[in-house]
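Open the model in your viewer and keep the selection tool ready. We will go stop by stop.

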Amino acid sequence: MRKTSPLVYVTLLAGIALSAFPLYWLFVVATRTNDIVGDWPPPLLPGGNLFGNIGRLFSAEDANFLLGMVNSAIASVVVTVSVVFFSTLAGFAFAKLRFRGRNGLLVVILGTMMIPVQMGIIPLYMIMVQLGWQNRLQAVIVPFLVSAFGVFMMRQYAERSVPDELIEAARIDGCSTFRIYLTVVLPALRPGASVLALFTFMSTWNEFLWPIAVLENDNPTVQFSLNQLSTSYYTDYTLMFAGALVACVPLLLVFLAFGKQIIGGIMEGAVKA
Amino acid sequence: MVTQQRPRAAVKPPAPPRPRERGSLLSRWDLKASPYLYISPFFLLFAVFGLFPLLYTAWVSLHNWDLGGDGGFIGLDNYATLFGDPDFWNAVVNTLGMLVLATVPQLLLAMVVAALLNQQLRARLLLRMGVLLPIVTSVAAVGIVFSQIFDRDAGMVNGLLHLVGVSPIDWRADKWSSWIAISTMVDWRWTGYNSLIYLAAMQSIPRELYEAATVDGASKIRQFRSITVPMIRPAIVFTVIMSTIAGMQLFTEPLIFGQGTYAISGGSLRQFQTVSMYMFEKAFRDADLGYGSAIAWMIFLLITILAVINFLVTRRSAK
């Protein structure tokens, strides 16, 4: 193998620096005061006003930023737990159990993955009106408790990583199917399931179109609050930037903690695709 | 796992016959019913919140429907209006324009990044995490930062342009400039993700192909064109189709970029309103649910057409 030229490192690092710059700059502005706006050259070092801005952020009227964070955290955790549970359960059934109509039902699930979210949003809104769930948190949770993508992904994963012999052995041992799921399948699916969990968490946290359709100012999610900030406070840059920064923190923490699995998951899924 | 299970399985056979028989009835039921039990939550929830809304959108689109309820069946009137609606076609053009501007450079750049990453590198994980960083940010936050970067008066891009003697550009004012600004946000977010997909595909190419090409005297660039690109064709088809679907649904970035109360129209002259934004405006701001539903079906139709075209073109050009 030839040695990799330093030029490759330089180019890559430059690219990464370029792509990290907007995030760095987000942080810099969030630590400053509003008098820097329009300064040239723009400030490139952080100031000392981060906590002042965050304090203003959480007390900003009509943005309800704290409630937005709490709502998004609840929604993201509940949706993630549910999606992972139902996806592993159904993925196990599709991969390892024999039943009538299995292939047909799997094709149905595959088909639904092609449908864009927007397609159903108007009737979904009508359902919410009927249920009296407008402006209630369950409106952004309940419709997302299952995921076709998740079922499909876990099925693929179970096919590969759960040996049939292990299931047979557990069955001879007298295990019920659900016991097999808990003691044999779930542990084997853990790496795949954690990738699914992370993606689900990220996409729920980032959901925007549906919350602004069904929720109102007084009960927002975090992306809704951000939009509220950027429409009502768009002259107050440091406040907006502090909000944008705080909204990224949970995702960045998750990424730092599980970055390796996320990357492994993307790469593995891609080879199969 | 294996070492734990095997000994127990081996011990089991000499079990007394009576409990086994009772157990077998129960377990036969368990075998038959549990698969359906396990997949039913998905299908139940999906039927209510996925399939029903999808079909109902078609039904609503045939009615004069507002927030007050069904104002009567009007057949294909909504679609007829839609075909003659310049604002709708404007939104289609904007969406396609930004789709091309966002997808083409993004995938080309992703290919280059993947080729760079596909070498013997130190700190591999760290480099890959660096490349992926933009995707783990909040979309709305990205919108806010880039709105500021592309601001007319205080923006960094205009500041840099000033240094090289270009007068400031009002990025929100024109089609081309707002498309570029919005596409930049999309590119920034997704290039790294796509490069990891290409990288994964590149790593499954057999090394011998490159060795043989080197022996034949093919240059690096020639090898990339004649071996790498054709070999990762499935990954290219995948990313092109996924980017197309995502591009047709573009919503958050242009909405936040717009700022102000009428952001949903994508600027004062609708210069950067996408079809998703137009659907939202009609359905939720103007409370015309029937018309909004017709737009939703048109989006679906456009995505399908584009996906098929993409598939055919990518397949042919790679041959």
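Helices here are DSSP runs of H or I, at least four residues long, and strands are runs of E, at least two long. Keep in mind that this model is predicted.

**Stop 1: chain A, record and model**

Select residues 140-158 of chain A. This span is 68% helix and 0% strand. Its end C-alpha atoms lie 29 Å apart. UniProt, in an unreviewed entry, lists 140-158 as a "transmembrane region" of chain A, along with 7-27, 73-94, 106-128, 178-201 and 237-258.

Now pick residues 237-258 of chain A. Here the chain is 100% helix and 0% strand. The end C-alpha atoms are 32 Å apart.

**Stop 2: A:Asn227**

Select A:Asn227. Which helix holds A:Asn227? The residue sits in H11 of chain A, residues 222-232. Is A:Asn227 buried or exposed? Its relative accessibility is 13%, so A:Asn227 counts as buried; the cut-off for buried is under 20%. Show its neighbours next. Leaving out residues up to four places away in sequence, A:Asn227 touches A:Phe208, B:Leu255 and B:Ile256.

**Stop 3: chain B, record and model**

Move to chain B. For this chain, an unreviewed UniProt entry gives "transmembrane region" at residues 36-59, 96-117, 129-150, 176-201, 231-251 and 294-313. Try two of them. Residues 96-117 of chain B are 100% helix and 0% strand, with end C-alpha atoms 31 Å apart. Residues 294-313 of chain B are also 100% helix and 0% strand. Their end C-alpha atoms are 28 Å apart.

**Stop 4: a helix with a kink**

Select helix H8 of chain B, residues 175-203. How far should its 29 residues span? At 1.5 Å a residue, the expected span is 42 Å. The end C-alpha atoms are 40 Å apart, which agrees. Now centre the view on B:Trp190. H8(B) has a kink of about 40° centred there. Of the 29 residues of H8(B), 22 are buried, so the helix is largely enclosed by the rest of the structure.

**Stop 5: a hairpin**

Finish in chain B with strands S1, residues 63-66, and S2, residues 69-73. S1(B) and S2(B) form a hairpin, with two residues between them. The strands run antiparallel and are joined by three bridges. Find B:Asp66 in S1(B): its bridge partner in S2(B) is B:Gly69.

Now show the side chains of S1(B). Which ones point to the buried face? B:His63 and B:Trp65 point to one face and are buried. B:Asn64 and B:Asp66 point to the other face and are not buried.

Conventions:
Residues are numbered from 1 along each chain as its sequence is written. Chains are lettered from A and ligands numbered from 1 in the order in which they are written. This is a predicted model: local features need pLDDT of at least 70, side-chain atom pairs count only at pLDDT 80 or more; totals for chains, interfaces and linings use all residues. Side-chain values use heavy atoms; hydrogens and water are left out. UniProt positions are given in the numbering used here, feature names are shortened, and annotations may be inferred rather than shown by experiment. Buried means under 20% relative accessible area, exposed over 50%, partly exposed in between (1.4 Å probe, protein chains only). Two strands pair if DSSP finds at least two bridges between them. Contact means heavy atoms within 4.5 Å. The expected span of a helix is 1.5 Å times one less than its number of residues. The bend at a residue is the angle between axes fitted to the seven residues ending there and the seven starting there.
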